[in-house]
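Biologist: Please take a close look at the charged side chains in this model and how they pair. Then go on to whatever else can be said in plain terms.

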Amino acid sequence: MNTERKATLNVDGKTVEFPVMTGTHGNDVIDIRTLGGKTGLFTYDSGFLSTASCKSSITFIDGDKGELLYRGYPIEQLAEQCNFLEVAYLLKNGELPNATEKTEFENLIKRHSMLHDQMTKFYSGFRRDAHPMAVMVGVVGALSAFYHDAMDFSDAEHRSISINRLIAKLPTIVAMAYKYNKGEPFMYPRNDLGYTANFMHMMFGTPCESYEPNPVLVRALDVIFTLHADHEQNASTSTVRLAGSSGANPFACISAGIACLWGPAHGGANEACLNMLEEIGDVSRVGEYIKRAKDKDDSFKLMGFGHRVYKNFDPRAKLMAKVCSEVLGELGLENDRLFKLAKELERIALEDEYFVEKKLYPNVDFYSGIVQKALGIPTSMFTCIFALARTVGWITQWEEMITDPEYKIGRPRQLYVGAARRDVPSIDKR
Ligand code: CMC
C-alpha cells in the first residue's frame, strides 16, 4: 500500500500531515486515525458520505462506471458463467473453485441444510401474520443458541463451520418462514437437488405431491442470489461489521444485518417498489407519480430508483431486467401489466431532467420484485430472498474483519449539541 502521498491540514495556524493510502481501484483515502491526537479535532461525516470504514479485498464498486466486482471478477461474467454456490465459494475463499472443490463445497453445504429440530418450535412462537423478516431476525439470531460445538471464533476451522452453516441453513429458514405464514407444513431439504432448486422445493413443494422445479426459473432465482451476494460497505454490511467488532456471536451479527436490511431505503425497496407499481396501477398515471417524486414537499420517492454509489447505472439492474424478460417469456407473461408499467416508468424517468440531473437510475430492486412475483414469491418475502443471498457477503465481511490485524471495536465519535452541563434542580423548581 502506497503511503508516500500526504494530505496537509491547516488548523489554527498549525500544519499537520496525514498519509494518503492507495488501494487496487477506487478513491484514495486519507488516513486520519491520528487526527484526534494531533489536533484535538474529529471529523464529521454523518451517513459516511466520505469515510472508508475499513480496508477490504472482497467487493469493489465503481459508481461512475457502473461496475461491480466480486474478488476482481465482473458481476456480468459471474452471473453468466457461475452459479450462486460458486460465487459463495469465491466470496468466502477469495478464488473460484475448480471442479473438485466445487463438488466438495456443494456436498458440504448440502450436509448442513437441515435445522436443529428444536428450532421449528421457534416459529410457532410467532403470530402467523408476522412479517417474515421479523421471523428471520428472531430465528437467525436464535442459531447462536444452537451450535455450541464451534463457538471459538479465534479458530479458523470454527469460523469456517459457522460460515458454511449460515450459507446452508438460510434457504431452509426463509422457506420455513414462508410455510409458517401460509399455514403449510415445513418441507425438509432434498439432497438430490442443487442449492436453488432445493430452496424452490422447500418454498413451493408440499408433502402431498412432488414438485419439480423449472430449470429456467431455478436459473433466474440463482442469478438473483448472485446479484445480491455482496455490495461492499452498505448499511447492513456495516451493521454486521460493527456488531461483530465487539466479538459478538456471528449468527447474532447476521441477525442485526437482517434487521438493517429490512428498511425501505435498503433491502425493503423491492417490496416497496412492487407496492408502488400496484398503487400507480396504470401507465396513464405514471406522469402524476413522477411529478410527486420531484415535489420537495411530498415525501414520495420512486422506489427502485437512485443509489448512494451508482451514479451512472446499477449493473445489477441491467442483468435483472434481462432475467425479468426471460422469466416472463418462460411463463408466457410478456404482457404482464406491472412489467409494462415498470418499463414505461423507467423510460419516462430516464428522460426526465430531474432524474437525469440527479443521476437517478433504476437500481437492482426495480425489476427484482417483478421477477420474484412471477416466480410465485409473495411480496412480503422479497427482502428475505435478498437476506438469504446477502448472508454470504455479510459473513465473508465479518470473517475479513475478525482476521484483520488492524481490527478494533467500532466506536464512532460525535458532535455533542445537547444541553450544556447543568445541575439537577430540586423537584419543586423543575
Ligand atoms: N425518487 C425521487 N428523488 C430521489 C430518489 C428517488 N428514488 N432518490 C434520491 N432522490 C433525490 C433526493 O430527494 C435528493 O434530492 P435533493 O438533492 O434535491 O435533496 C437527491 O436525489 C439525492 O438523494 P439522496 O437521498 O441524498 O441520496 P442518498 O445517496 O442518500 O440515497 C437512496 C440513496 C437509495 C437511499 C435513495 O436514492 C432512495 O431512497 N431510493 C429509493 C429507495 C431504493 O430504491 N433503495 C434501494 C437501493 S439499492 C438496493 C440496496 O443496495 O439496498
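Modeller: Asp31 forms a salt bridge with Arg33, and their closest N and O atoms are 2.9 Å apart. A salt bridge here is a side-chain nitrogen of Lys or Arg within 4 Å of a carboxyl oxygen of Asp or Glu. The model is a predicted one, in which local features need pLDDT of at least 70 and side-chain atom pairs count only at pLDDT 80 or more, while totals for chains, interfaces and linings use all residues. Residues are numbered from 1 along each chain as its sequence is written, and side-chain values use heavy atoms, with hydrogens and water left out.

Asp31 sits in the loop between strand 3 (29–30) and helix 1 (35–39). Helices (H or I, at least four residues) and strands (E, at least two) are DSSP runs, numbered from the N terminus. Asp31 counts as buried because its relative accessible area is 14%. Its partner Arg33 counts as exposed, at 58% relative accessibility. Buried means under 20% relative accessible area, exposed means over 50%, and partly exposed is in between, with a 1.4 Å probe and protein chains only. The side chains of Asp31 and Arg33 also make a polar contact, at 2.9 Å. A polar contact is a pair of N or O atoms within 3.5 Å; within protein, one must be able to donate a hydrogen and the other to accept it, and residues adjacent in sequence count only if both atoms are side-chain atoms.

A second salt bridge joins Asp222 and Arg219, with 3.7 Å between the closest N and O atoms. Asp222 and Arg219 are three residues apart in helix 9 (residues 215–228), so about one helical turn separates them. Asp222 is buried, with a relative accessible area of 8%, whereas Arg219 is partly exposed at 32%.

A third pair lies in helix 15 (residues 337–351), where Arg347 and Glu351 are four residues apart, about one turn of the helix. Their salt bridge has its closest N and O atoms 3.4 Å apart. Arg347 is partly exposed, with a relative accessible area of 41%, and Glu351 is exposed, with 59%. Salt bridges can also share partners: in this way Asp31, Arg33, Lys55 and Glu406 are joined into one network. Over the whole structure, a search finds 23 salt bridges.

One more charged residue is Lys179, which lies in helix 7 (residues 156–182). Lys179 counts as buried because its relative accessibility is 1%. The C-alpha atoms of Lys179 and Arg128 are separated by 9.6 Å, although these residues are 51 residues apart along the chain.

Next comes the ligand. It is surrounded by 20 residues, the closest being His266, Lys296, Leu302, Gly304 and Arg308; a residue is counted if one of its heavy atoms lies within 4 Å. This shell divides into nine nonpolar, six polar and five charged residues. For that count, Ala, Val, Leu, Ile, Met, Phe, Trp, Tyr, Cys and Pro are nonpolar, Asp, Glu, Lys and Arg are charged, and the others, Gly among them, are polar. A polar side-chain atom of His266 lies 2.6 Å from an oxygen atom of the ligand. A polar backbone atom of Phe305 is 2.9 Å from a ligand nitrogen atom. In the side chain of Lys358, an N or O atom is 3.0 Å from an oxygen atom of the ligand. On its own the ligand has 940 Å² of accessible area, of which the protein covers 75%. Accessible areas come from the Shrake-Rupley method with a 1.4 Å probe, and for residues only the protein chains shown count as cover.

Two loop residues remain. Most residues other than glycine have a negative phi. Lys359, which is not a glycine, has a positive phi of about 55 degrees. Lys359 lies in the loop between helix 16 (353–357) and helix 17 (364–374) and is partly exposed, at 40% relative accessibility. Asp12 also has a positive phi, near 50 degrees. Asp12 is in the loop between strand 1 (6–11) and strand 2 (14–21), and counts as exposed because its relative accessible area is 80%.
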